[in-house]
Each structure stands twice: as C-alpha cells, then as structure tokens.
Amino acid sequence: MFGFQRRGLGAPRLLLSLLLLAFREEGSGQIHYSVPEEAKHGTFVGRIAQDLGLELAELVPRLFRVASKGRGDLLEVNLQNGILFVNSRIDREELCGRSAECSIHLEVIVDRPLQVFHVEVEVKDINDNPPVFSLREQKLLIYESKQLDSRFPLEGASDADIEENALLTYRLSQNEYFSLESSTNSKQTKRLSLILKKSLDREKTPELNLVLTATDGGKPELTGTVQLFVRVLDVNDNDPEFDQPEYKVRLMENAAKETLVIKLNATDRDEGVNGEVTYSLMSIKPNGRLLFTLDENNGEVRVNGNLDYEENKFYEIEVQATDKGTPPMAGHCTVWVEILDTNDNSPEVVVTSLSLPVREDAQPSTVIALISVSDLDAGVNGQVTCSLTPNVPFKIVSTFKNYYSLVLDSALDRESVSSYDVVVTARDGGSPSLWATASVSVEVADVNDNAPVFPHPEYTVFVKENNPPGCHIFTVSARDADTQENAQVSYSLVERRVGERALSSYVSVHAESGKVYALQPLDHEELELLQFQVSARDAGVPPLGSNVTLQVFVLDENDNAPALLAPRAGSTGSAVAEMVSRSVGAGHVVAKVRAVDADSGYNAWLSYELQPAAGSARSLFRVGLYTGEISTTRALDETDLPRQRLLVLVKDHGEPALTATATVLVSLVESKQAQKVSSRALAGSAVQEAALVDVNVYLIIAICAVSSLLVLTLLLYTALRCSAPPSEGACGPGKPRLVCSSAVGSWSYSQQRRQRVCSGEGPPKTDLMAFSPSLPPGLDREDQGEKQEAVSNHPGQVSFI
C-alpha cells in the first residue's frame, strides 16, 4: 500500500506544537538522503523505516506518516517494506531556483508512543537546461572608422542549472573582422566583448551576420545560439568620381539652345549625405562661359548660345563634383566639345522604269530601271553613294558619275516571291550624313515552269463488288504552283487495255473535279485489282503534267451460292447413289459430298450439315462438318430400311449465308453383293486410270510446248522493257488468304487466287490447290476421276477432296 498516512493533521496547530515539544527528546536524530532531479516515478530513495529503527510490522499500528511543507506528493513511503521512493516529477530549478543547496525536509511521525523524526532529502542537479540568450538577435552599429582592437560588449547567456552545469563557454563563428573576448569581473561573472581585428570598409562590406554559441559544462553538453547582426556605418572617406577623366563630344554648329551636349555622372561610394553629389562649372575655354550651362543636380551640360564653327572649333569645359559630407570632398573632369560643320542638303533620287513586270525566266544582268542622283552640297557633303534594300535579287551598277542602272542579279521564282519593293537609298558623305530614298515596285510575271503535283504518287482504293453504275469511288487532286491559266488543272485517264476491254469501260474521271467514277458494277470473281493512272495537266503553253497511280481493290461479297460437283459415273441425275454392306461397323465412310464456292475468304468457306429425315428418331449416318464425308453412326442391322435417302445442306460463311442441297441415296445390301459391286467399281476405275495416263502424256507434251513459248515471250518482253520506259500493268497478284482449320484438325478449304498477267492480255489464270484427306483404298481411285471432272467443269475454283 502506497501513500502518505496523514492522520491528526486536522487538529489545532497549537496542540501539535505542544506534542512535538514534549516528545522532542524521544524522537531526536536526523536522516539525510539524496536523489537526482527528474528521477522517474518509483525511484528508490532510502530504507527509511530501517534507518529510523522501526519494525515493519509496527508501521501501520503506530500510524506511521510523513509530513512535508507544501511538497507532500513528491516522495512517498511504502508501508509494506518501509522504502522511501519518488512519487512525482522533481524539478530542482522549480523547487530552489538557482540556490546552491536544494533539499526537501520531511517530518516522520509515529504514535504509541508519539515520536517525530526529521529527514532531509537533497535534490541533486542534472544538466537538463541549455544556455539561453535573452534575445534571438543582437544588433550592433559600428562606424567604419573605428580603430583596431575596439571593444563592443555583448549580452551573455544564462543557464538555469548550477555549478558545472551552469559553467558557460562561448565561441564566435568564423570571420575575418572580429574575435571574441570573455573576461571575469569582480562579481565572478563573465563579460563578453567583440574585438575589432581588421579595419571595416562599408563600401566593401556594409553588414556582417555572425553566430555566437554558448556551451555549458554539463555532460552531455547543451548549447544555445544568438545571431549577431553588425551594420557598418558610413563616414565621408571617398571622393566623388566621374566615369572617365575626359569626355569628347561632337556638336553640330546649328545646335539649338537647350540642346543636350552631355550628361555627366559622378558617383560617391559613401552613403547618405556623404554620397550626395552636386556639379559646378570651373571654367570654359576660350571665352565661352555664356555658351554652355551645367545643371548642378543632374550634371547635364546644355547649349546656352549660338555656336559658330568658323569662330571656334573646340571648347574645353572644366567640371567639379562635390559631395555634402563634412568636410566636403571633390572630383574633377574635362569635357572637350568639337563643333562640326552643318550638312543641310539632302540628296535627290530620280528613278526611270524601263521594263515592268519582269518575267521570272529573265536572265541575270537584265536592266530593270535607270537611277540618277544629285546633292546641292559641296565637298564631302556632296559626295553621294547609292544602296539597295538587302536580300533582293537585284543590284545597282554605276554607269556614269551620279548615274546608275538597276539590274537583275540572280534568277527569279514567282512561286517563291511574286513581287519586290526595292528601295534605293542615296546617302551623302556628310557627318552626320543625309539621305533620300525612292521605291520601285517590281512585279514578277509568271511562266509555266511547274507541273501539277499530286500529294502522293499512289493511292489504294477499296470498293465492294456489285456497286451501282456511275458511283463515286475516289477523288484525285493535284496542285499547280503557277498562277492563272498556268495553274488550271484538268484530269484524264491514261487509257490502256484491261484484259480484252478498254480501261474507260470500267472507270472515268471528271476533268475539272478529279472525281473517279465506276461506270459499271465490278465483279470480284472477274477482277480483283484494277490498277490505272490518272493524268493531271495544266493549261500553260506548253502544257505540263504528271500522273498518279490508283490501285482499286474489288472487295468480295457473298453473291455466289455453293455449287455441287457433278456426281461420279454411275450415279443417276443429280443424286449420288451408294451401296453399303449391312456388315459394316460404326464410322464407315459411305460417300462424300463435294462442292465449291466462286467467292473467296469466309464467303467461300463451306460447311456440311445432314438434314434430319422426317419421323426419324436418330439418323444412321452423319456428315463431316468441313470434309463432307458421310459415315455410319452405328453398326447396321436387319431392321434398317434397305434404302436411305440423305439430304446434305452445304452452307458458306458469308453474310447472309448461301446454301445448296445434295441428295445421297444409300442402298443397304448383303456382303456378297457389295463385294461384286466393289469389284466392278475397281475394274472401272482401273480403266479410267489407264485412260488418265494417256491423257497425262499428251498434257505433259502440251505443257512443255507452252513453256517454251512462254520463255521466248519473256525474253522478247525483257528486251523491249530495257529500251522503253516502264509502264505499270493493270492487275497485281491477290493476297492469299488462309481459312480456319476444321474440327478434325486439317484444312478443309482454301480459296483460289487468280494471278493476273500484268499486261492484261488473255483470260485470267488460276493456280489450283487441292488437299486430300485419308480415305479408304476403295474410294481413293474413284476420287481421281472426280478431281479431273471438277477441274474441267469449274475452272478457277478449289475444292478439298
């Protein structure tokens, strides 16, 4: 249990004094403790019960209590162990100020019998207060004329601690003018002073900023600082000085009264009244005191009479500048005034035009105008020179005294500069010289030297097929830098053949606006790229022109439905008839539907779907989504109908999609009958294969002959191209486009690409590409004849087989 036991304090003070006096001898003796200030709560001070000879068990029964004057809460006694400890913060400076000794006096009282003990707790000082200056900044005003070793007292710092913790030392920031002196006076206090070690010069250093630092003797050391602001006061120790000791001025003889001759300026490096300067005339030679005046405040020298060059050509003026200091100081200068002769007649310029405007193709040295000049003055003032505006393609050529010709100096270009304002300046040799000007406006006449220019040499245009006739597909525009009729541009087609037809049957161009129109609907399947040139010509003489190339790509639209390939030999009508043994298992390939699409890209990507039969729960067959192969979904049995009629829907991927329907008739037969049919089919295919070999021989011979002719044609064409300028063809190769893979992981279709011959002659050629999936051996040979038939019946189309 912590806390002071304070019983009986409510009794009258007189009774307490009598009791203390009566039992003084019984409680005689004093105990001394010490504790540092700022000790934490609970810090041990002393075993007060043990030191007083009291038993711990009798503290409570004897009403052990501690009394203190005004500071009863700083220390506390634990009645369980008899220890005196710190109860709250102890600040020595607050208790005792700057007193050298600081103690807390306690009176310990116990009853039964009544005893009083005196306990003194000394509070030890710690270095918890830094030195403090009374001001944050101390200002000192010092004249620059102060002698060396002059002293300037400073106010020191104070420290609330005592002894070594309050023992202060000082230091001054680094500088070249002052040092710090610290001395101890009769009262053992330090006095601080600044000692001047280097002469001050206000004109060089008007003020100084120093830092004074005070450090106490505690551990750790604590410091305090104060700013010392030293302002250097001025004394009159500098003469007024002119910018230069002599001035030379030239003045015309006809200068009017109050004309400014010169403005003198003298400066004094002092400040205040010591730096204020006034001016005065000392003398004017020879005998010219009345011809000039001097303003005493601003130093302006002005004309005060009539000057005559013939009477006197030079004047010498002595000027004095005096400051207002005590005593005043002065500076001097001399002004030399030279009187100049008057050039009072300006030159005259006369320009006679010969040939305007000037054609832009005029040759250099062509005479443009004649110029004559004159000046009524004599001597140097009457000598005239001519000059032109800078940066013009003309020059002046002297032909005779005071006569000149304006001639062309370099080539003209009306498109860069269409006119020139040429200023002819005539200047005499007077000082200052006089001049006169005359202006000549030279217009540059246009010649047809610029052909129309297109912004780009080639344009690419995309047009959807099946466009309406006469639709606007593009606009070409050329600019001619010339003017008037030389800049009037008309447009026309560069005629050529596109295949067997003229270019003008496909497109036309408006002669004035440059709008290009498609004269008929374009067909992507017939013409993928139409390349031609548009010519732009101006109306100049001779006319100039240039061409621009247009590449018109015809974009495909889904305007062709899938076309079914002709059924193989042995089928009746448009339906495909197949015989299948009832013993085949699930997944057996029965037949294959073949179709092509004249479009390209997604519009020609085909997929196959088997239409469900009416009233059938589940079909015996399925068709490959991208292959067209019809296969069984399960093993056949006797309950299946002997004849099956299948409808296969062939659909492209265009927008909207177009379709075609193929009919496949499947007959279910016994195994022996199917083998006979298969043998006959194999025999027929062998005959077809032998016939195909004969056809291939003739085909190889024909290809070799055509290749020889083609090589000869290319050699002749190359020779002609080397001797003639290049010409661009009408068509370019189309870009091959890949189609997505099928669900079974192989390419199902690739649209053909026509490779047109650039000359445009003959029908378009086709590169044929075909891929064959894995089929049963019996079907491979049957497909050979169908491939040949597909190529012959559908040129330019591609199908996967």
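## Exercises on a predicted model

The torsion about the S-S bond of Cys96 and Cys102 is about 70 degrees, so this disulfide is right-handed. The model you are working with is predicted. Let's start with that bond and then move on through the chain.

### Exercise 1: the disulfide

Work out how many disulfides a search of the whole structure finds, and state whether Cys96 is buried or partly exposed.

*Solution.*
- Step 1. Recall the chemistry: a disulfide is a covalent bond between the sulfur atoms of two cysteines.
- Step 2. Search the whole structure, and one disulfide turns up. The bond joins Cys96 to Cys102, with an S to S distance of 1.9 Å.
- Step 3. Apply the accessibility cut-off, where buried means under 20% relative accessible area and exposed means over 50%. Cys96 has 22% relative accessibility, so this residue counts as partly exposed.
- Step 4. Repeat for the partner: Cys102 has a relative accessible area of 2% and is therefore buried.
- Step 5. Try another cysteine for practice. Cys471 is buried because its relative accessible area is 18%.

### Exercise 2: the overall picture

Describe the chain through its secondary structure, its burial and its contacts.

*Solution.*
- Step 1. Count the elements: the chain holds 51 strands and five helices.
- Step 2. Check burial: 41% of the 801 residues count as buried.
- Step 3. Look at the exposed surface, which is about 45100 Å², with 53% of it supplied by carbon and sulfur atoms.
- Step 4. Take the contacts with a separation of 6 or more; residues 24 or more positions apart account for 67% of them.

### Exercise 3: the two faces of strand 31

Sort the residues of strand 31 into a covered and an uncovered face, then identify strands that pair with strand 31.

*Solution.*
- Step 1. Start from the regular pattern: in a regular strand the side chains alternate between the two faces of the sheet.
- Step 2. Walk along residues 435–445. Ala436, Ala438, Val440, Val442 and Val444 make up the covered face, while Trp435, Thr437, Ser439, Ser441, Glu443 and Ala445 make up the uncovered one.
- Step 3. Turn to strand 30 (residues 419–428), which pairs with strand 31 in the antiparallel sense over nine bridges. Within this pairing, Asp421 stands opposite Ser441. The two strands form a hairpin, with six residues between them.
- Step 4. Add strand 25 (residues 358–359), which runs parallel to strand 31 and is joined to it by two bridges. Here Arg359 stands opposite Ala445.

### Exercise 4: salt bridges

Find what Asp111 pairs with and what Asp409 pairs with, and place each pair in the chain.

*Solution.*
- Step 1. Keep the principle in mind: side chains of opposite charge can pair when their charged atoms come close.
- Step 2. Measure Asp111 against Arg65 in the model: the closest N and O atoms are 3.3 Å apart, and the two form a salt bridge. Asp111 sits in the loop between strand 6 and strand 7 and Arg65 in strand 3, so to speak of sequence, this pair links distant parts of the chain, 46 residues apart. Asp111 and Arg65 are both buried.
- Step 3. Take Asp409, which forms a salt bridge with Lys395 at 3.8 Å between the closest N and O atoms. Asp409 lies in the loop between strand 29 and strand 30 and Lys395 in strand 28, so the pair ties together parts that are 14 residues apart in sequence. Asp409 is partly exposed, with a relative accessible area of 38%, and Lys395, at 36%, also counts as partly exposed.
- Step 4. Look for a network: Arg202, Glu203, Asp234 and Glu271 are linked by salt bridges.

### Exercise 5: backbone exceptions

Locate two cis peptide bonds that precede a proline and two residues with positive phi that are not glycine.

*Solution.*
- Step 1. Set the baseline: most residues other than glycine have a negative phi, and most peptide bonds are trans.
- Step 2. Inspect omega. Lys219 and Pro220 are joined by a cis peptide bond with omega about 0 degrees, and Pro220 is in the loop between strand 13 and strand 14. The bond from Val541 to Pro542 is cis too, with omega near -10 degrees; Pro542 belongs to the loop between strand 39 and strand 40.
- Step 3. Inspect phi. Glu38 has a value near 65 degrees and lies in the loop between strand 1 and strand 2. Asn466 has a phi of about 65 degrees and lies in the loop between strand 32 and strand 33.

Note on methods
Residues are numbered from 1 along each chain as its sequence is written. This is a predicted model: local features need pLDDT of at least 70, side-chain atom pairs count only at pLDDT 80 or more; totals for chains, interfaces and linings use all residues. Side-chain values use heavy atoms; hydrogens and water are left out. Buried means under 20% relative accessible area, exposed over 50%, partly exposed in between (1.4 Å probe, protein chains only). Helices (H or I, at least four residues) and strands (E, at least two) are DSSP runs, numbered from the N terminus. Two strands pair if DSSP finds at least two bridges between them. Contact means heavy atoms within 4.5 Å. Accessible areas come from the Shrake-Rupley method with a 1.4 Å probe; for residues, only the protein chains shown count as cover. A disulfide is a pair of cysteine sulfur atoms within 2.5 Å. A salt bridge is a side-chain nitrogen of Lys or Arg within 4 Å of a carboxyl oxygen of Asp or Glu.
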